[in-house]
Amino acid sequence: MAGIGNATMYRVAGIVGSLRAGSYNRALFRAAVSALPSRLQIVEAPILDVPLFNQDVEDAGDPEAVAGLRQAISGADGVLIFCPEYNAGIPGVLKNALDWASRMHNGQRVLWDKPVGIMGASDGRFGTTRSQMAMRSLLPQLGMRLMPTPAVMIAQVEELVDDDGNLSDEKTRERIREHLEAFHHWIDVFARAERDRES
Ligand SMILES: Cc1cc2nc3c(=O)[nH]c(=O)nc-3n(C[C@H](O)[C@H](O)[C@H](O)COP(=O)(O)O)c2cc1C
């Protein structure tokens with residue numbers, strides 16, 4: 001975090017919960033990057049190479065991809081999750097990455113106390129409502145501070161992208177902007193409380 005004028009700049013780690021090259025949730029991530037308020041920075045916390053969780057592997061030491069994921073999250077003031085929906089739930093690759101990141105490592109849990117927001121897009125009619133509901137019970141279990149509103153649940157997303165696979169629908173982009181503005185405020189509430197405690 002760093003101060004600029006009256007507003008504080010915060011860094012956000014973005015987790016895209018799909019490994020697919022043409023992912024709609026990655027398009028959502030790109031739309032968030034382009035709509036970012038000047039007081040937020042976003043860096044991706046990549047999950048592409050994170051192996052399936054295995055406690056024996058964990059005991060032998062973090063694989064490189066897990067160390068990278070942990071580092072991206074621990075250096076951030078908040079986490080934004082771009083969440084697809086598989087079979088009315090959270091895709092395995094995303095849950096797997098969160099399982100790794102949730103573990104105590106060198107006396108620290110990187111997800112603990114982190115403000116978190118969720119957005120999601122699907123080509124179904126429910127627009128990731130059900131996977132986001134599952135996330136809403138999971139994330140507080142990990143000690144995360146979940147922003148309750150505004151929701152971004154994009155249904156039938158294939159109708160909202162242009163030929164280059166970018167989210168071009170202006171109403172959707174506006175909802176993303178609103179979510180990001182609210183998320184800056186959400187991070188700020190906890191960061192201010194922390195600063196007050198320390199002063
Ligand atoms: C195994 C599997 C299960 C799916 N289940 C759902 C579902 O329950 N609800 C839904 O809206 N879409 C479902 N879909 C369609 C996804 O929304 C669609 O594939 C979407 O593009 C995935 O996100 P991505 O584009 O970011 O990869 C499913 C897709 C797969 C591969």
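The following questions and answers deal with a predicted model of a protein and its ligand.

User: What makes up the protein, in helices and strands?

Analyst: The protein contains six helices and seven strands. Read from the N terminus, the order of the elements is β-β-α-β-α-α-β-α-β-α-β-β-α.

User: Why is the protein called as compact as a globular protein of that length?

Analyst: Its radius of gyration is 17 Å, and the globule rule gives 16 Å for 199 residues. The two values are close, so the protein is as compact as a globular protein of that length. Along the principal axes, the C-alpha atoms fill a box of roughly 45 × 45 × 30 Å. Buried residues account for 44% of the 199 residues, where buried means under 20% relative accessible area.

User: How do you know whether Leu48 is buried or exposed?

Analyst: Exposed means over 50% relative accessible area. Leu48 has 57% relative accessibility, so Leu48 counts as exposed. Leu48 is found in the loop between strand S3 (40-44) and helix H2 (55-60).

User: What does Leu48 make together with Leu19 and Val93?

Analyst: Leu19, Leu48 and Val93 make a nonpolar surface patch of about 250 Å². A patch takes residues with over 30% relative accessible area, and the 57% of Leu48 is over that cut-off.

User: Pro46 is in the loop between S3 and H2 as well. Why is Pro46 called partly exposed?

Analyst: The relative accessible area of Pro46 is 42%. Buried would need under 20% and exposed over 50%. The value for Pro46 falls in between, so Pro46 is partly exposed. The C-alpha atom of Pro46 is separated by 7.6 Å from that of Gly68, with the two residues 22 residues apart along the chain.

User: Which residues are closest to the ligand?

Analyst: The ligand is surrounded by 14 residues, and the closest are Ser18, Ser23, Glu85, Asn87 and Ala88.

User: What makes a pair of atoms at the ligand a polar contact?

Analyst: The pair must be N or O atoms within 3.5 Å. A nitrogen atom of the ligand lies 2.7 Å from a polar backbone atom of Asn87, so this pair meets the cut-off. An oxygen atom of the ligand is 2.8 Å from an N or O atom in the side chain of Ser122, and that pair also counts. For Arg130, a polar side-chain atom is 3.5 Å from a nitrogen atom of the ligand.

User: How much of the ligand does the protein bury?

Analyst: The ligand taken alone exposes 620 Å², and the protein buries 74% of that.

Methods
Residues numbered from 1 in each chain as written. Predicted model: local features only at pLDDT ≥ 70, side-chain atom pairs only at ≥ 80, totals over all residues. Heavy atoms only, no water. Patch = residues over 30% accessible without salt bridge, like charges linked within 9 Å, V, L, I, M, F, W, Y side chains within 5 Å. Areas by Shrake-Rupley, 256 points an atom, 1.4 Å probe, with all protein chains shown as cover. Salt bridge = Lys/Arg side-chain N within 4 Å of Asp/Glu carboxyl O. Helix = DSSP H or I, 4+ residues; strand = E, 2+ residues; numbered from the N terminus. Buried < 20%, exposed > 50% of the residue type's maximum accessible area, 1.4 Å probe, protein only. Near = heavy atom within 4 Å. Polar contact = N/O pair within 3.5 Å; in protein donor to acceptor, adjacent residues only side chain to side chain. Rg over C-alpha atoms; globule rule 2.2 N^0.38 Å.
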